[in-house]
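Grab a pencil and work through these exercises with the model open beside you. Each task is followed by a step-by-step solution.

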Amino acid sequence: MASAKAEFLKKHYKLGKIIMNYMHDGNDNRHIIEADRNHVWHHLSQHKQYETVDPPIMVEGKGLRLWDIKGREYLDAVSGGVWTVNVGYGRVSIADAVRDQLVKLNYFAGSAGSVGAALFSERLIEKMPGMSRVYYANSGSEANEKVFKMVRQISARHHGGRKWKILFRERDYHGTTLGTLAACGQPQRSADYGPFPPGFVEVPHCLEYRNQYPDAPDYGLAAANAIEEVILREGPDTIGAICLEPITAGGGVITPPVGYWPRVQEICKKYNILLHIDEVVCGIGRTGRWFGYQNYDIKPDFVTVAKGVASGYAAISCMITTEAVFDLFKDSPDDPLNYFRDISTFGGCLSGPVAALENMRIIEDEELLENTRVMGERFMTGLNGLMAKHPVIGDVRGKGLFCGAELVKDRITKEPMDEKLVQAVVKQCMSDGVIIGMTNRSLPGMNNTLCFSPALSINDDETNQIIDTLDKALTSVFG
Ligand SMILES: Cc1ncc(COP(=O)(O)O)c(C=O)c1O
């Protein structure tokens with residue numbers, strides 16, 4: 001055993017480089033699978049299953065195609081599992097940009113600037129009228145935490161500590177840290193991890209399919225007015241900000257109802273509440289515009305982006321804000337505490353901004369926003385076709401290449417489908433070579449929405465393959 005391991009290491013680690021050519025070599029694969037089984041703790045996974053089945057290990061990707069360690073090919077309809085790889089796999093130009101940067105200078109703390117960070121912030125701001133400052137970090141959770149800290153500091157320094165509360169919405173998700181879990185509208189994500197920091201207050205969701213105000217003439221207005229009710233209950237002068245996804249992602253792909261956003265914006269203005277849009281999923285093209293909020297004519301005070309910023313080629317997130325907010329952190333330079341006293345060590349990794357720059361160039365040169373709008377419509381047409389055929393689909397929702405299909409036991413009662421059967425559909429698609437997603441550990445009884453977020457470069461054939469595979473899986477699970 002020891003010598004097999006030594007041989008493996010000799011073969012694969014040369015001059016400190018890991019040679020990634022083990023894909024179809026059965027013996028080596030076994031070694032890796034066992035190393036994974038014995039030592040890797042997979043994210044968001046119950047590990048008992050891996051005592052009897054091999055854990056999944058992905059090794060290679062090109063475009064939307066992906067291969068696992070056993071050589072099985074998949075079409076990835078969820079961009080790396082968690083709607084991240086917006087420009088698809090195998091982008092050599094991003095890898096080259098990252099390599100060139102790393103050999104020139106890999107790192108310096110974000111207290112200093114860098115060429116990539118300066119150029120990417122300029123390109124980003126060009127696409128975000130009204131915004132002017134970019135703060136670099138390395139995950140969506142972290143970028144959201146930056147906003148929460150800024151809101152608290154603005155409250156402390158400019159509102160006598162009063163405007164300290166932060167609103168969040170039922171079914172939204174903003175990250176995995178204790179601060180972002182305090183702002184989590186998905187109780188299955190936050191359960192067991194409390195107590196959480198105080199001052200985070202939930203407002204109702206805006207999923208029209210599950211209308212909480214059946215007597216209201218206008219659902220969009222009613223859902224937004226429900227936010228105002230919470231504000232009035234808590235006291236408007238205690239609320240500093242509201243954090244919302246433009247389209248709720250993991251909580252069920254919830255596209256906002258007509259009339260919702262203009263009223264939300266009005267409410268924020270009326271009570272002097274800062275509007276924080278979490279674009280971690282929708283940002284950088286997913287909905288067919290650079291940002292999800294740009295579909296709804298919103299003027300945010302904070303925007304956070306992560307996943308698609310560099311499509312997973314580097315770990316980078318950004319917190320973007322206005323000059324008005326920025327000014328609040330430099331108005332008393334003689335006061336040693338009068339600035340944003342925060343640092344993100346890996347927010348200073350220089351590979352992030354250069355990967356993000358190249359990612360953005362690809363989206364522009366290949367006209368991927370346009371492709372997202374066109375293919376998104378075809379995808380929705382495909383899902384609507386399946387809905388006409390399969391009564392188990394109660395609702396389809398989406399914008400651009402960000403789509404969901406909610407499965408129900410009965411279209412009249414809208415009783416959610418059993419989670420295990422929804423999982424069976426995902427599993428069937430996987431064994432037929434297509435990776436799709438579903439709402440996972442979100443709200444009790446509500447893990448019943450299938451999710452789709454393919455790379456923005458998807459073509460007709462790939463779209464058809466996803467829809468056809470889903471059709472077969474629905475037939476196989478539900479008849
Ligand atoms: C809307 C939203 N915000 C924030 C996050 C957290 O991002 P990260 O996992 O990079 O911390 C996620 C992750 O899925 C997300 O979906």
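Before starting, a definition: helices here are DSSP runs of H or I with at least four residues, strands are runs of E with at least two, and both are numbered from the N terminus. Keep in mind, too, that this is a predicted model.

**Exercise 1. Work out how the overall dimensions of the protein fit a compact globule.**

Step one: count the elements, which gives 15 helices and 17 strands. Step two: put a box around the C-alpha atoms along the principal axes, and you get roughly 65 × 60 × 45 Å. Step three: turn to the radius of gyration. A compact globule of 479 residues would have one near 23 Å, and the protein has 23 Å, so the two agree.

**Exercise 2. Describe the second largest pocket: its volume, and who lines it.**

Start with the space, which comes to about 860 Å³. Next, look at the lining: it has 35 residues, and those closest to the pocket's centre are Gly110, Val134, Tyr135, Tyr136 and Phe326. Then ask which elements give two or more residues to this lining; they are α5 (115-126), β6 (133-137), β12 (317-321) and α11 (323-327). The largest share is that of α5, with five residues. Finally, sort the lining by class: 20 residues are nonpolar, 11 polar and four charged.

**Exercise 3. Map the surroundings of the ligand and pick out its polar contacts with Tyr173, Asp278 and Lys307.**

First list the shell. Ser139, Gly140, Ser141, Asn144, Tyr173, His174, Gly175, Glu245, Asp278, Val280, Val281 and Lys307 surround the ligand. Helix α6 (residues 140-158) contributes the most, namely three residues. By class, you should get three nonpolar, six polar and three charged residues.

Now go through the contacts, using a cut-off of 3.5 Å between N or O atoms. Asp278 puts a polar side-chain atom 2.7 Å from a ligand nitrogen. Lys307 has a side-chain N or O atom 2.9 Å from an oxygen atom of the ligand. With Tyr173, a polar backbone atom is the partner, and it sits 3.4 Å from a ligand nitrogen. Last step, the burial: on its own the ligand exposes 390 Å², of which the protein buries 82%.

**Exercise 4. Track down two backbone oddities, at Pro195 and at Asn272.**

Take the peptide bond between Gly194 and Pro195: omega is about 0°, and the bond is cis. Place Pro195 along the chain, and you land in the loop between α8 (187-190) and β8 (200-203). Then check Asn272, where phi is positive at about 55° even though the residue is not a glycine. Asn272 also belongs to a loop, the one between α10 (260-270) and β10 (274-278).

Methods:
Residues numbered from 1 in each chain as written. Predicted model: local features only at pLDDT ≥ 70, side-chain atom pairs only at ≥ 80, totals over all residues. Heavy atoms only, no water. 1 Å grid on protein atoms, 1.4 Å probe; cavity = no way out; pocket = protein on both sides within 12 Å on 5 of 7 lines; lining within 4 Å. Points joined across faces, edges and corners; volume = space filled by probe spheres on them. Nonpolar A, V, L, I, M, F, W, Y, C, P; charged D, E, K, R; others polar. Near = heavy atom within 4 Å. Polar contact = N/O pair within 3.5 Å; in protein donor to acceptor, adjacent residues only side chain to side chain. Areas by Shrake-Rupley, 256 points an atom, 1.4 Å probe, with all protein chains shown as cover. Rg over C-alpha atoms; globule rule 2.2 N^0.38 Å.
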